[in-house]
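Here is a friendly walk through one protein model, from its overall make-up down to a few individual residues. Keep the view open beside you as you read.

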Amino acid sequence: MGNKILYFAYGSNLNKRQMEIRCPDSKPLCRYTGSNYRLTFRYHANIEKCVPGSKESVPGAIYEISKRDERMLDRYEGVDHHGVGGYYRKAYFESSHGLVLVYIMVESTRGKINRPDETYYNVCVEGCEDWGLGDAHMIEAAKQSGVNPEYDGKGWWNLKELVAY
């Protein structure tokens with residue numbers, strides 16, 4: 001594979017059109033499910049490690065990216081390179097395809113679970129469609145953030161506040 005890197009996408013980077021722009025050297029490889037992780041929204045998508053043995057998982061995809069793409073993702077995800085802090089940190093996991101890079105939100109920047117931006121959510125769902133992943137995990141994560149996604153039948157998801165009774 002040379003200087004290529006395997007990268008696990010689970011949020012808006014599932015969107016193939018977005019990845020073509022963001023990481024021009026990227027190559028979509030395959031669907032992949034990250035075991036023992038849970039998808040949450042803290043305005044943006046995040047995955048959190050679950051208790052070992054958990055049955056929770058996050059559907060996503062693996063891309064092959066270049067070092068240049070990795071630097072671009074580092075900037076986009078706000079990875080810290082100079083001790084100043086960052087929004088996401090790099091982590092790696094072993095898969096049947098090899099070592100895979102994933103970005104996980106830094107605990108100190110997480111804050112509470114928070115509703116996603118509606119446009120961002122729609123980019124994520126379009127990415128799920130690109131990969132044939134379905135949208136159940138996105139809907140569940142959105143509901144956990146306090147919104148109820150409603151499809152308008154014309155290609156757009158509206159996020160309605162959940163009302164507690």
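Let us begin with charge: this predicted model carries 22 positive and 22 negative side chains, and the centres of the two sets lie 2 Å apart.

**The overall picture**

The protein holds 5 helices and 9 strands. Reading from the N terminus, the order of elements is β-α-β-β-β-β-α-β-β-α-α-α-β-β. Its C-alpha trace spans about 55 × 35 × 30 Å along the principal axes. The radius of gyration is 16 Å, which agrees with the value near 15 Å that a compact globule of 165 residues would have.

Of the 165 residues, 47% count as buried. The accessible surface comes to about 9,000 Å², and carbon and sulfur atoms supply 50% of that surface. Among contacts with a separation of 6 or more, 64% are between residues 24 or more positions apart.

**Strand β1 and its partners**

How many of the 5 residues of β1 are buried? The count is 5 of 5, so to speak a strand that is mostly covered. Ile-5, Tyr-7 and Ala-9 are buried on one side, while Leu-6 and Phe-8 are buried on the other.

Strand β1 pairs with β5 (residues 57-65) through 5 bridges, and these two strands run antiparallel. Within that pairing, Ile-5 has Ile-65 as its bridge partner. With β7 (residues 98-105), strand β1 shares 2 bridges in a parallel arrangement. There, Leu-6 stands opposite Val-100.

**Three residues to look up**

The table lists the relative accessible area of three residues.

| Residue | Relative accessible area | Class |
|---|---|---|
| Ser-12 | 4% | buried |
| Asn-36 | 22% | partly exposed |
| Thr-40 | 4% | buried |

Ser-12 sits in the loop between β1 (5-9) and α1 (16-22). It counts as buried because its relative accessibility of 4% falls under the 20% cut-off. Which residues does Ser-12 touch, not counting those up to four places away in sequence? They are Gln-18, Arg-22, Tyr-76, Tyr-120, Val-123 and Cys-124.

Asn-36 belongs to the loop between β2 (27-35) and β3. A relative accessible area of 22% makes Asn-36 partly exposed. Its backbone is worth a look too: Asn-36 has a positive phi of about 60° although it is not a glycine. For background, most residues other than glycine have a negative phi.

Thr-40 is part of strand β3. With neighbours within four places in sequence left aside, Thr-40 is in contact with Ala-45, Asn-46, Glu-48, Ile-113 and Ala-141. Thr-40 and Glu-140 are 100 residues apart along the chain, yet their C-alpha atoms are separated by 8.9 Å.

**Helix α5 and what it packs against**

Ala-141, one of the contacts of Thr-40, is also among the buried residues of helix α5 (residues 136-144). The others in that group are His-137, Met-138, Ile-139 and Ala-142. Which elements do the buried residues of α5 pack against? The answer takes in β3 (37-42), β5, α4 (118-131), β8 (147-151) and β9 (157-161). Strand β5 thus appears here again, having already been joined to β1 by 5 bridges. After α5 comes Gly-146, a residue with a positive phi near 100°.

Technical notes:
Residues are numbered from 1 along each chain as its sequence is written. This is a predicted model: local features need pLDDT of at least 70, side-chain atom pairs count only at pLDDT 80 or more; totals for chains, interfaces and linings use all residues. Side-chain values use heavy atoms; hydrogens and water are left out. Helices (H or I, at least four residues) and strands (E, at least two) are DSSP runs, numbered from the N terminus. The radius of gyration is taken over C-alpha atoms; the globule rule is 2.2 Å times the number of residues to the power 0.38. Buried means under 20% relative accessible area, exposed over 50%, partly exposed in between (1.4 Å probe, protein chains only). Contact means heavy atoms within 4.5 Å. Accessible areas come from the Shrake-Rupley method with a 1.4 Å probe; for residues, only the protein chains shown count as cover. Lys and Arg count as positive and Asp and Glu as negative; His and the chain ends are not counted. The place of a charge is taken as NZ of Lys, CZ of Arg, CG of Asp or CD of Glu. Two strands pair if DSSP finds at least two bridges between them.
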